[in-house]
Amino acid sequence: MKRILSCLVSIFILVSTASDGSADENRSIKFNIDLDMRSRIASTGTSQAGIYEGTFGFRAKLMDGLHFNYAHSQNNAYIINGFGRKVKHDITQEAALEKSWRSGERLQLGIVRLPFGLYNSQETYTSGLIDYPLVRGDYALQSVNWGVPGVRFGGGSSQIQGEVAVFGGQSSGVWNNLNNTRGVDARVQLYRGNTILGLSHWAGSSSTDFHSPGEQVTHVSGLDIRYTLPRLVLRGEYMLGKLAGDNLNGWYLDAYYRLPKYEKMTLVARVEQFKPGSDEFMSKQITLGARYTLTPEWILAMNWRRNNGKNYPTWTPGTRKGGDVFFQVYRKLSF
């Protein structure tokens, strides 16, 4: 991965500095800094507050149809969720050259986002539901949210879109973990009226965590759906298969309702279940909350979360009947 990143940065510098004045006028670069600050009022264990995650990124236009995308992140989920130790990694989640054509096709090379299900992290952070669903990001250091070294290609029409990625090597997870993953991933997305339906499959392998270099078989399939009305959005996913050698299945359903006459306020809810292995506990969780968009750069959120007491070793703490309360202040800055 370091070699790929070094190569991409070198290409970026060369293309940026080798252009004449007229090319400079056509190039542009957009930076973004995201800061996620959280507090947790715990029903069991210790309440915590602090910076949960910080992300820096940019999108640079090198020439017409050619861009370079970069995102770097540092995560302190262990501390905020009450497990008392820090994640030691701050990692590059994306570093890719992107070529796009007017016909709609796009090609990415480098560290690319794994196109599995609803994989856009900004959908989570701007939704008002503070955390990732269990099935997307929880169970030790395994998940389906990855920045992977490889090639991704996509395209289609207004009725159907498709993406495929071929990848292999040290990959960066949503919790700033570095695991080995490889394989082929494909996703198809269908548009029908107010409904968007997606199908995904990842065939390959993954290590169980960054301390275990050996990889286990991975064959995971997913179905996702979005249904949109003027004030109501429903979205969810169902997954099943074998992830890093473990048989998993799980699902979640999110609901977002924007209040009439209070356009800055959105009510949110999530119900979910997740079983990460054949002999593992079935986790059940419900989340209720609200998001308030103070300005385009400031988002406030509050969630009440209750589950059936499964205390994962890393990210999602178990709760008692009273549930946990989470507060989030999210700062988005673009320039």
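Rings of Phe, Tyr and Trp, the last through its six-membered ring, pair if their centres lie within 6.5 Å; planes under 30 degrees apart count as stacked, over 60 as edge-to-face and the rest as tilted. In this predicted model, a search of the whole structure finds 7 aromatic pairs.

**Aromatic pairs**

The rings of Phe-58 and Phe-68 have centres 5.9 Å apart and planes at 35 degrees, so this pair is tilted. It links distant parts of the chain, with Phe-58 in strand β2 and Phe-68 in strand β3 (residues 66-75), 10 residues apart. Both Phe-58 and Phe-68 are buried. Phe-58 also pairs with Tyr-70: here the ring centres are 5.5 Å apart and the planes stand at 25 degrees, so the arrangement is stacked. Because Phe-58 belongs to strand β2 and Tyr-70 to strand β3, this pair ties together parts that are 12 residues apart in sequence. The relative accessibility of Phe-58 is 13%, which counts as buried; Tyr-70, at 19%, also counts as buried, the cut-off being under 20%. Ring pairs link Phe-31, Phe-56, Phe-58, Phe-68, Tyr-70 and Phe-335 into a cluster.

**Nonpolar cores**

The largest nonpolar core has 19 residues, of which Leu-114, Phe-116, Val-148, Phe-167, Trp-202 and Met-239 touch the most other members. Two or more residues of this core come from each of α5 (134-137), β6 (146-156), β7 (160-173), β11 (232-243) and β12 (246-258). Apart from this core lies another, of 9 residues, among them Phe-58, Leu-62, Tyr-70 and Ala-95. Within the largest core, Phe-116 is one of the residues that touch the most other members. Leaving out residues up to four places away in sequence, Phe-116 touches Arg-136, Val-144, Asp-185, Ser-200, His-201, Trp-202, Val-220, Ser-221, Gly-222 and Met-239.

**Salt bridges**

Side chains of opposite charge can pair when their charged atoms come close. The structure holds 17 salt bridges, including the three tabulated here.

| Salt bridge | Closest N to O distance |
|---|---|
| Glu-98 and Arg-59 | 3.3 Å |
| Arg-152 and Glu-163 | 3.5 Å |
| Glu-263 and Arg-231 | 2.9 Å |

Glu-98 forms a salt bridge with Arg-59. Glu-98 lies in strand β4 (residues 90-100) and Arg-59 in strand β2 (residues 48-63), so the pair ties together parts that are 39 residues apart in sequence. Glu-98 is buried, with a relative accessibility of 11%, whereas Arg-59 is partly exposed at 33%.

A salt bridge also joins the side chains of Arg-152 and Glu-163. With Arg-152 in strand β6 and Glu-163 in strand β7, this contact ties together parts that are 11 residues apart in sequence. Arg-152 is buried, at a relative accessible area of 11%, and Glu-163 counts as buried at 11% relative accessibility.

Glu-263 and Arg-231 form a salt bridge as well. Glu-263 lies in the loop between β12 and β13, and Arg-231 in the loop between β10 (212-228) and β11, so this pair ties together parts that are 32 residues apart in sequence. Glu-263 is partly exposed at 42% relative accessibility; Arg-231 is likewise partly exposed, at 29%. Elsewhere, salt bridges that share partners join Asp-36, Arg-38, Asp-131 and Arg-305 into one network.

**Strands β8 and β9**

Arg-187 lies in strand β8 (residues 178-192) and, at 3% relative accessibility, counts as buried. Its side chain makes a polar contact of 3.4 Å with the side chain of Ser-200. Beyond neighbours within four places in sequence, the contacts of Arg-187 include Pro-115, Tyr-119, Glu-163, Ser-200, Asp-224 and Arg-226. Glu-163 is thus in contact with Arg-187 and is also the salt-bridge partner of Arg-152.

Ile-196 is placed in strand β9 (residues 195-209). Ile-196 and Asp-224 are 28 residues apart in sequence, and their C-alpha atoms are 8.3 Å apart in space. Not counting residues up to four places away, Ile-196 touches Gln-189, Leu-190, Tyr-191, Asp-224, Ile-225 and Arg-226.

**Pairing of β13, β14 and β15**

Strands β13 (residues 265-275) and β14 (residues 283-295) run antiparallel and are joined by 10 bridges; Val-271 has Ile-286 in β14 as its bridge partner. β14 is also joined to strand β15 (residues 298-307) by 10 bridges, again in antiparallel orientation. Thr-293 stands opposite Ile-299 in β15, and β14 and β15 form a hairpin with 2 residues between them.

How values were computed: Residues are numbered from 1 along each chain as its sequence is written. This is a predicted model: local features need pLDDT of at least 70, side-chain atom pairs count only at pLDDT 80 or more; totals for chains, interfaces and linings use all residues. Side-chain values use heavy atoms; hydrogens and water are left out. Helices (H or I, at least four residues) and strands (E, at least two) are DSSP runs, numbered from the N terminus. Buried means under 20% relative accessible area, exposed over 50%, partly exposed in between (1.4 Å probe, protein chains only). A polar contact is a pair of N or O atoms within 3.5 Å; within protein, one must be able to donate a hydrogen and the other to accept it, and residues adjacent in sequence count only if both atoms are side-chain atoms. Contact means heavy atoms within 4.5 Å. A nonpolar core is a set of buried Ala, Val, Leu, Ile, Met, Phe, Trp, Tyr and Cys residues joined through side-chain atoms within 4.5 Å. Two strands pair if DSSP finds at least two bridges between them. A salt bridge is a side-chain nitrogen of Lys or Arg within 4 Å of a carboxyl oxygen of Asp or Glu.
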